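Here is a friendly walk through this structure for someone opening it for the first time. Keep the view beside you and take the points in order.

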Amino acid sequence: MAQLLRLLRAPAAGRRDRGRPHDQWTTPVLIDDVAEATRALVTTATAPKLLHLGGPDRISRADWAAGIAAALGVPPERVVAEPRAHGRYAHRPESTCLSSELFATHPATAALRPRPVREATRLLLGRHLPPTVRSTA
């Protein structure tokens, strides 16, 4: 995400996005939500040995990048969508989504709700970018 933010905020002459796959899926989760879940799990005696935590939205990397661009007020055509096989994500699986079924039912984490991608994006941009850079949309 940091690389994409740099590209969208300060494009150099002739510099363009290296491409984001429209066919590689992920379930992004806000670091704050990861921290909250970790805090809840380290204070319980019944912590599971393994717990997947994915965000609530299944989204392609291209759509995720386009959402970040929109939140920054950057024209969507600045994000280049391409097939996974044609770019740097070719070696990655089609889906890197995580299922959070145990997370939703474990007593220590059942009340927690990871934030949707758009909300998480707004929160991160709000924290790390000056108001003049953020989109009003």
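1. Let us begin with the order of the elements. Read from the start of the sequence to its end, the pattern is α-β-β-α-β-α-β-α-α. That comes to five helices and four strands in the chain. Please keep in mind throughout that this is a predicted model.

2. A few overall values help to set the scene. The chain has 137 residues, and 34% of them count as buried. Its accessible surface is about 8300 Å², with 56% of that belonging to carbon and sulfur atoms. Contacts that span the sequence deserve a look too: taking those between residues at least 6 apart in sequence, 83% join residues at least 24 apart. Several of the residues below give examples of partners from elsewhere in the chain.

3. Which residues make up the largest nonpolar core? There are eight of them: Ala 65, Ile 68, Ala 69, Leu 72, Val 74, Val 79, Leu 125 and Leu 129. Helix H3, residues 61-72, supplies the largest share of this core, with four residues. Another core, of seven residues, lies apart from it and includes Ala 40, Leu 41, Phe 103 and Leu 112. As background, nonpolar side chains in soluble globular proteins tend to be buried together.

4. Now turn to how H3 sits against helix H5, which covers residues 117-128. The axes of the two helices come within 10 Å and cross at roughly 50°. Are they parallel or oblique? An angle from 35 up to 65 degrees falls outside the parallel and perpendicular ranges, so H3 and H5 are oblique to each other. Their crossing is right-handed.

5. The residues that bring these two helices together are easy to pick out. From H3 come Trp 64, Ile 68, Ala 71 and Leu 72, and they meet Val 117, Thr 121 and Leu 125 of H5. Ile 68, Leu 72 and Leu 125 are also among the residues of the largest nonpolar core.

6. Ala 40 is a good guide to the other core, where it is one of the seven residues. You will find Ala 40 in helix H2, residues 31-42. Is Ala 40 buried or exposed? Its relative accessible area is 17%, and buried means under 20%, so Ala 40 is buried. Not counting residues up to four places away in sequence, Ala 40 touches Ala 108, Thr 109 and Leu 112. Leu 112 belongs to that core as well. Pro 107 is 67 residues from Ala 40 along the chain, yet their C-alpha atoms are separated by 9.5 Å.

7. Ser 60 shows that a polar residue can be covered here. It is found in strand E3, residues 59-60, and at 0% relative accessibility Ser 60 counts as buried. Which residues is Ser 60 in contact with, leaving aside its neighbours within four places in sequence? They are Pro 21, His 22, Gln 24 and Trp 25. For His 22 and Ser 60, which are 38 residues apart along the chain, the separation between C-alpha atoms is 5.4 Å.

8. Next, visit the loop between strand E4 (81-82) and helix H4 (101-105), where Ser 100 is found. Ser 100 is buried, with a relative accessible area of 17%. Setting aside residues up to four places away in sequence, Ser 100 touches His 52, Leu 53 and Gly 54.

9. Glu 94 has its place in the loop between E4 and H4, and Glu 94 is partly exposed, at 46% relative accessible area. Beyond its neighbours within four places in sequence, Glu 94 is in contact with Asp 23, Gln 24, Trp 25 and Arg 84. Gln 24 and Trp 25 appeared above as contacts of Ser 60. Between Glu 94 and Arg 84, 10 residues apart in sequence, the C-alpha to C-alpha distance is 7.7 Å.

10. Finally, look at Ser 95, in the loop between E4 and H4. Ser 95 is partly exposed, with a relative accessible area of 38%. Thr 27 lies 68 residues away from Ser 95 along the chain, and the C-alpha atoms of the two are separated by 9.1 Å.

How values were computed: Residues are numbered from 1 along each chain as its sequence is written. This is a predicted model: local features need pLDDT of at least 70, side-chain atom pairs count only at pLDDT 80 or more; totals for chains, interfaces and linings use all residues. Side-chain values use heavy atoms; hydrogens and water are left out. Buried means under 20% relative accessible area, exposed over 50%, partly exposed in between (1.4 Å probe, protein chains only). Contact means heavy atoms within 4.5 Å. Accessible areas come from the Shrake-Rupley method with a 1.4 Å probe; for residues, only the protein chains shown count as cover. A nonpolar core is a set of buried Ala, Val, Leu, Ile, Met, Phe, Trp, Tyr and Cys residues joined through side-chain atoms within 4.5 Å. Axes are lines fitted to C-alpha atoms, for helices over the stretch in contact, and angles run from 0 to 180 degrees between N-to-C directions. Angles under 35 degrees count as roughly parallel, over 145 as roughly antiparallel, 65 to 115 as roughly perpendicular and the rest as oblique. A crossing is left-handed if the near helix is turned anticlockwise from the far one by less than a right angle, and right-handed if clockwise.
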